[in-house]
Amino acid sequence: MSTPAPVYEYMADQELPAIPVEWRDKDGALIDFSSGWTFTAKVCAANTPTTIALTKTTGITGAATSPNVLIDWTTSDFSSLTAGAQVVHLYARRTSDSKDRVFRPSKPITFLLLTAPA
């Protein structure tokens, strides 16, 4: 039986928690993202998973140990999104040659965006 993916919920005026990612290579070894990489997160509404609503390139940091990628949010990140379930597609670009890795887990990174109280 597989472990369910964590559920992250945010109000539109909330910035925490950051989403920790444990990204491993094909052999199961943790990838060292501590230097030489930049990251892009593309966020889509879950009901339109191929329509990108947000491209985020800031606030994503890599590390050598688990979690080796951390996606940190700001309230301005959420301003272009509508309330509801969101899917995050994560890309790592190696700065030495501009080649990309794409995070493709069996359970995609998702979060629920709720409207902020008035």
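Here are three short exercises on the strands and the nonpolar core of this predicted model.

**Exercise 1. Partners of strand 7**

Task: Find which strands pair with strand 7, residues 84-94, and in which sense.

Solution:

Step 1. Start with strand 3, which covers residues 37-45: strand 7 pairs with strand 3 in the antiparallel sense, and nine bridges link the two. To place the register, look at Thr 38, which stands opposite Arg 93, and at Ala 41, which faces Leu 90 of strand 7.

Step 2. Move on to strand 9, residues 109-114, which pairs with strand 7 over five bridges, again antiparallel. Here Ala 85 has Leu 112 of strand 9 opposite.

Step 3. Finish with strand 8, residues 99-102, whose antiparallel pairing with strand 7 runs over four bridges. Arg 94 has Lys 99 as its bridge partner in strand 8. The two strands make a hairpin with four residues between them, and in the turn Ser 98 takes a positive phi of about 60°.

**Exercise 2. The setting of strand 3**

Task: Work out how strand 3 connects to strand 4, and whether strand 3 is largely enclosed or largely open.

Solution:

Step 1. Follow the chain: strand 3 leads into strand 4 by way of a hairpin of six residues.

Step 2. Check the pairing. Strand 4 spans residues 52-56 and is antiparallel to strand 3, with four bridges. One pair to look at is Cys 44 opposite Ile 52 of strand 4.

Step 3. Apply the burial cut-off, under 20% relative accessible area. Seven of the nine residues in strand 3 are buried, so the rest of the structure largely encloses this strand.

**Exercise 3. The largest nonpolar core**

Task: Name the residues that touch the most other members of the largest nonpolar core, then list what Phe 111 contacts.

Solution:

Step 1. As background, nonpolar side chains in soluble globular proteins tend to be buried together.

Step 2. The core has 25 residues, and those touching the most other members are Ile 19, Val 21, Trp 23, Ile 71, Trp 73, Leu 90 and Phe 111. Two or more residues come from each of strand 1 (8-11), strand 2 (19-21), strand 3, strand 6 (69-71), strand 7 and strand 9. Strand 3 contributes the most, with four residues.

Step 3. Now select Phe 111 in your viewer and set aside neighbours within four places in sequence: its contacts are Tyr 8, Tyr 10, Ile 19, Val 43, Trp 73, Phe 78, Leu 81, Gly 84, Ala 85, Gln 86 and Val 88. Among them, Ile 19 and Trp 73 also appear in the list from Step 2.

Note on methods:
Residues numbered from 1 in each chain as written. Predicted model: local features only at pLDDT ≥ 70, side-chain atom pairs only at ≥ 80, totals over all residues. Heavy atoms only, no water. Pairing = 2+ DSSP bridges. Core = buried A, V, L, I, M, F, W, Y, C linked by side-chain atoms within 4.5 Å. Buried < 20%, exposed > 50% of the residue type's maximum accessible area, 1.4 Å probe, protein only. Contact = heavy atoms within 4.5 Å.
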